[in-house]
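Trainee: Got a minute to go through this one with me? I'd like to start in the sheet and work outward.

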Amino acid sequence: MSTTRPYPPGDLGPEPGSAGASAASAAATPAGQVRRLRLAGTRGAVARGRDFARQALHDWGWLPAVGADQRAAAEDVLLVVSELVTNACLHAEGPEELRLRCSAKVLHLEVSDLGGGQPAPRSPHRPGRPGGHGMFIVQRLCLDWGVVRNTDGTGKTVWAELAAPS
């Protein structure tokens with residue numbers, strides 16, 4: 001899993017409005033809002049997931065981006081959504097649901113599926129080879145990511161957290 005979290009797990013850094021936090025971005029982000037998209041049995045799941053995430057980012061004020069950092073943060077979210085939904089399509093019988101939860105500091109996204117595999121970055125990473133880069137990209141772009149198995153033993157949820165633009 002990623003070790004790039006700028007704060008210890010569970011600590012998301014300074015509160016909005018305090019020193020080092022952007023009051024404008026905190027005001028534009030509806031704290032704790034969750035968006036869900038059912039993807040089970042649908043065609044074009046990756047495109048639908050990206051469109052859904054793009055609309056959420058627009059509604060939350062990340063788009064249209066006002067600067068390079070905000071544009072990069074939004075593009076990172078869309079890329080991670082694409083990678084996680086694609087992995088569910090290729091390795092896990094297809095995605096069941098995409099969930100996005102936004103706070104002033106972090107965007108948390110989840111893709112649930114019915115597969116039994118364990119996603120992990122390929123090691124060693126071989127950039128010159130086609131395919132196999134999805135979880136490496138997720139690891140590099142996210143503050144943290146992980147896998148939670150369903151309690152009934154069928155399927156899992158792959159989650160990732162990305163920093164909100166400051």
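Mentor: Sure. Keep in mind that this is a predicted model. Start with strand 5, residues 156–163. Seven of its eight residues are buried, so strand 5 is largely enclosed by the rest of the structure.

Trainee: Which strands does strand 5 pair with, and over how many bridges?

Mentor: Strand 3 and strand 4. Eight bridges join strand 5 to strand 3, and the two run antiparallel. Strand 4, residues 144–149, pairs with strand 5 over six bridges, also in the antiparallel sense.

Trainee: Give me a register marker. What is the bridge partner of E110 in strand 5?

Mentor: W159. On the strand 4 side, G146 stands opposite W159.

Trainee: And how many residues lie between strand 4 and strand 5?

Mentor: Six, and the two strands form a hairpin. Look at G153 in that turn: its phi is positive, about 90°.

Trainee: Let's zoom out. What is the strand order in the sheet?

Mentor: 1-2-3-5-4. It is an open sheet of five strands, with antiparallel pairing. The edges are strand 1 and strand 4, each pairing on one side only. From one strand to the next, the twist averages 15°.

Trainee: Now the other half. How many bridges join strand 1 to strand 2?

Mentor: Six, with strand 1 covering residues 33–38. They run antiparallel. One pair to find is R38 with its bridge partner E97 in strand 2.

Trainee: And strand 2 with strand 3, how many bridges there?

Mentor: Seven, antiparallel again, with strand 3 at residues 106–113. A hairpin of three residues makes the link between strand 2 and strand 3. For register, R101 has H108 as its bridge partner in strand 3. L98 stands opposite V111.

Trainee: Is strand 2 mostly covered or mostly open?

Mentor: Mostly covered. Strand 2 spans residues 95–102, and seven of its eight residues are buried.

Trainee: I have S112 on screen. Where is it, and is it buried or exposed?

Mentor: S112 sits in strand 3. Its relative accessibility is 10%, under the 20% cut-off, so it counts as buried.

Trainee: What does S112 touch, leaving out residues up to four places away in sequence?

Mentor: P95, E96, E97, R99, K156 and T157.

Trainee: Switching to helices. Which strands does helix 2 lie across?

Mentor: Strand 1, strand 2 and strand 3. Helix 2 is residues 45–59, and it runs at about 160° to strand 1.

Trainee: And helix 3, which strands does that lie across?

Mentor: Strand 2, strand 3 and strand 5. Helix 3 runs at about 15° to strand 3.

Trainee: What is the packing angle between helix 3 and helix 4?

Mentor: About 145°, with the axes 9 Å apart. Helix 3 is residues 68–91 and helix 4 is residues 134–141. Their crossing is left-handed.

Trainee: Which residues meet there?

Mentor: From helix 3, D76, L79, V80, E83, L84 and N87. From helix 4, G134, M135, I137, V138 and L141. By class, that contact has seven nonpolar, two polar and two charged residues.

Trainee: Stay on D76. Why does it count as partly exposed?

Mentor: Because its relative accessibility is 26%, and partly exposed runs between 20% and 50%. D76 is in helix 3. Leaving out residues up to four places away in sequence, D76 touches L141 and L162.

Trainee: How far apart are the C-alpha atoms of D76 and A163?

Mentor: 9.7 Å, although the two residues are 87 apart along the chain.

Trainee: Last topic, the whole chain. How many helices and strands does it have?

Mentor: Four helices and five strands. From the N terminus, the elements run α-β-α-α-β-β-α-β-β.

Trainee: And what percentage of the residues count as buried?

Mentor: 42% of the 166 residues. The chain exposes about 8800 Å², with carbon and sulfur atoms supplying 53% of that area.

Trainee: What share of the contacts with a separation of 6 or more comes from residues 24 or more positions apart?

Mentor: 62%.

Notes: Residues are numbered from 1 along each chain as its sequence is written. This is a predicted model: local features need pLDDT of at least 70, side-chain atom pairs count only at pLDDT 80 or more; totals for chains, interfaces and linings use all residues. Side-chain values use heavy atoms; hydrogens and water are left out. Axes are lines fitted to C-alpha atoms, for helices over the stretch in contact, and angles run from 0 to 180 degrees between N-to-C directions. A crossing is left-handed if the near helix is turned anticlockwise from the far one by less than a right angle, and right-handed if clockwise. Contact means heavy atoms within 4.5 Å. Ala, Val, Leu, Ile, Met, Phe, Trp, Tyr, Cys and Pro count as nonpolar, Asp, Glu, Lys and Arg as charged, and the others, Gly among them, as polar. Buried means under 20% relative accessible area, exposed over 50%, partly exposed in between (1.4 Å probe, protein chains only). Two strands pair if DSSP finds at least two bridges between them. Accessible areas come from the Shrake-Rupley method with a 1.4 Å probe; for residues, only the protein chains shown count as cover.
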